[in-house]
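Please open the model in your viewer and keep the sequence beside it. The tour below goes from one selection to the next and says what is to be found at each stop.

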Amino acid sequence: MRNKDVANKFYELAELAELANENSFKVKAYLEAVRVIENLLIPIEDLAKENKLTDIKGVGKGIAEKIMQYLDKGTIDRLEELKKEIPESLLELSRVPGLGAKRIKTLYTQLGIKNIEDLKREAEKGNIRNLEGFGEKTEEKILEGLNALHDKKTDRVPIGIALPIAESIVSILEEHTPVNKILIAGSIRRMKETIGDIDILVTSNEPLDVMDFVASMPVVKEVIVKGDTKTSIITKENLQVDVRVVEPDSFGAAAQYFTGSKQHNVKLREIAIKKSFKLNEYGLFDLDSGRKVAGKTEEEIYDMLGLQWIPPEMREDSGEIEAAQNSQINKLIELSDIKGDFHLHSTYSDGANTIEEMTLKAQSMGYEYIVISDHAIGLSVAKGLTMERFKEQREEIDRLNAKLKPFKIFQGVELNILSNGEVDFPLEDLKFFDICLAGIHTGMEQSVEAITERISKAINNPYIKVIVHPTGRVMGSRDLYGVDIDQIFLKARSAHTVFEINCLMKSNNYKEINASFEKLDLNDVNARKAKEKFGLLLEIGTDAHSTESMSNMRYGVGVARRAWLTKSDVINAMNLEEFENFLSKPKSQ
Ligand SMILES: [Zn+2]
Ligand SMILES: [Zn+2]
């Protein structure tokens, strides 16, 4: 599938076209193309082969031609022309706050500024303030922006990218260096949805060897500092990684300190002081004697402070410390509690793997069942199925179920909620399915009121048990639509409708980040609200279109844990028998 490549090319084209002062409609059209191609669920090259590119909404003849050029020869003519016209280094100037295409163009034509160094030199000389449309204030701002840029070498990245990188570093350290204990701390350990940098703590009898190795790992692009106990590097993916060697009897204190969050730690230190202790990254110390009273494990630190141990995902100072004081921290849901995946696509619609392949993967993950929830006919762009095809699919599922017993495949469907709140399949046919899921995939430009009304209607549909990707959010990008979440939660409470924590993560490598399409929807805040304020049940679905993506369940569980959910809040933590029982009952019971 080359969708991401194509989208990236159009992004490049849009940026250069903007710098070249091209018609703003054109630039907008390129950006729109980026958006629709990113969101396209089927390979764009298939559409190209069938001459159906212009069927994609937002792709006109001109764009279609450019897509064909790219697929044929790996580049777009207009892009090559622009590259000759505009030095590529100009693009990096757009990273400076306050510099848009228009200003960059002026800087280039008037002062010959081609890159960050040129910009810095001219700004320091005071040459920029005299340009039309700039002035002294702007020049100052540019210098400030340049400094900020210098301090901040890396951006936040989605956890789906940061965690695998951190894990691969951990495994090479385990293999090649004399580490004893090793822990990924920081916001990754808290399963935050975006990660600023990676913090790794180790204990070792040979700290210098570890530091030498870290600085020379193949992933290193730049070494920021290399010391006796701390080394910071930037990876080729532009992520900062700090590796610290700590003393074994401070390991718990360091884990606690470097896991954060900042607000959580501030509160913990206040509690320590009230109890005449001092808490830092080395341990918990008695204020009077200076004697260390805890530090080897996190548990003993929390214990000395009169608290239950708090799972990292909860450490955001959002009530967890008070709960721990009152022994009210419940056992959170764990990945191993998950007994099935609810939201899976197969080759029947736009998935890459067969039902049998998805099933084998599910079995290898220890699941007892899955729901195959392919798209219905209304979503032709995702190869949605007709009733006839669903019947064929049913036969295949029956055959597999006979073979794989006691494992069970359920036949679900992912319905599209239409603009009027109806779904894209006849109401009388919905009882054919074991379970109906529904979500918005089209007509997202409606007002908040209209979308809320639309989802409410689906919530009240007696056959629809689950609303998938309910809020239309895409990480690192604008939400696809707006919705009154309290309103729909309230409706769902009386209709007994379940909401999804969708953890679709398409980008498995950093290069694709520009064109990534990451969802954690519901997010942690809304998932917690669904449970605490409205008493709703949730479902965690990977929305996997391939066996590989089924492993993303852990990110959904991360959201659930950040939302303080326990096993009993999540329907796919039910075992097979409980789940069949749940399916057999009408929604209202
Ligand atoms: Zn969907
Ligand atoms: Zn889906």
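## Starting at a buried aspartate

Begin by selecting Asp543, which is buried, with a relative accessible area of 4%. Keep in mind throughout that this is a predicted model.

Now add the zinc ion (ligand 2) to the selection, for Asp543 is one of its protein donors through OD, the others being His343 (NE2), His345 (NE2) and Glu414 (OE), and these donors lie 2.1 to 2.2 Å from the ion. If you follow the donor residues along the sequence, you will find them spaced H-x1-H-x68-E-x128-D. What angles do the four donor atoms around the zinc ion (ligand 2) subtend? They range from 82 to 168 degrees, and the arrangement is therefore irregular, since a tetrahedral assignment would require all angles to lie between 85 and 135 degrees.

## The shared glutamate

Select Glu414 next, and notice that this residue bridges the zinc ion (ligand 2) and the zinc ion (ligand 1), which are 3.4 Å apart. Glu414 lies in strand 13, while Asp543 sits in the loop between strand 17 (538–541) and helix 22 (553–562), so the pair ties together parts that are 129 residues apart in sequence. Glu414 counts as buried because its relative accessibility is 1%, where the cut-off for buried is under 20%.

Moving on to the zinc ion (ligand 1), you will find it coordinated by Glu414 (OE), His441 (NE2) and His469 (NE2) at 2.0 to 2.2 Å. Strand 13, which holds Glu414, covers residues 408–416, whereas His469 is in the loop between strand 15 (464–467) and helix 20 (485–495), so this pair joins parts 55 residues apart in sequence. Along the chain, the donors of the zinc ion (ligand 1) follow the spacing E-x26-H-x27-H. His469, like Glu414, is buried.

## Stepping back to the domains

Colour the chain by its domain assignment, which gives domain 1 (3–151), domain 2 (157–245), domain 3 (250–325) and domain 4 (335–583). Between domain 1 and domain 4, the C-alpha centres are 36 Å apart.

## The five-stranded sheet

Then select strands 2, 4, 5, 6 and 7, which form an open sheet in the order 2-4-7-6-5 with mixed pairing. Which strands stand at the edges of this sheet? They are strand 2 (179–184) and strand 5 (220–226), and each has a single partner strand, so one side of each is left without a neighbour in the sheet. From one strand to the next, the twist averages 20 degrees.

Within this sheet, look at strand 6 (residues 230–235) and strand 7 (residues 240–245), which are paired in the antiparallel sense over five bridges; there, Thr231 has Val243 in strand 7 as its bridge partner.

Two helices can be added to the view. Helix 10 (residues 159–176) lies across strand 2, strand 4 (197–204) and strand 7, and runs at about 175 degrees to strand 2. Helix 13 (residues 251–259) also lies across strand 2, strand 4 and strand 7, running at about 180 degrees to strand 4.

## The three-stranded sheet

For the last stop, select strands 8, 9 and 10, an open sheet in the order 8-9-10 with antiparallel pairing. Strand 8 (277–280) and strand 10 (292–294) are its edge strands, each pairing on one side only, and the twist averages 35 degrees from one strand to the next. Strand 9 (residues 283–286) pairs with strand 10 over two bridges, and Leu284 stands opposite Ala294 in strand 10. Finally, show helix 14 (residues 262–274), which lies across strand 8 and strand 9 and runs at about 155 degrees to strand 8.

Key
Residues numbered from 1 in each chain as written. Chains lettered and ligands numbered in written order. Predicted model: local features only at pLDDT ≥ 70, side-chain atom pairs only at ≥ 80, totals over all residues. Heavy atoms only, no water. Pairing = 2+ DSSP bridges. Helix = DSSP H or I, 4+ residues; strand = E, 2+ residues; numbered from the N terminus. Axes fitted to C-alpha atoms, helices over the stretch in contact; angles between N-to-C directions. Contact = heavy atoms within 4.5 Å. Domains from an automatic or database assignment. Donors = N, O, S within 2.8 Å, 3.2 Å for Na, K, Ca; no water. Buried < 20%, exposed > 50% of the residue type's maximum accessible area, 1.4 Å probe, protein only. Tetrahedral: all angles 85-135°; square planar, octahedral: opposite > 155°, others 65-115°.
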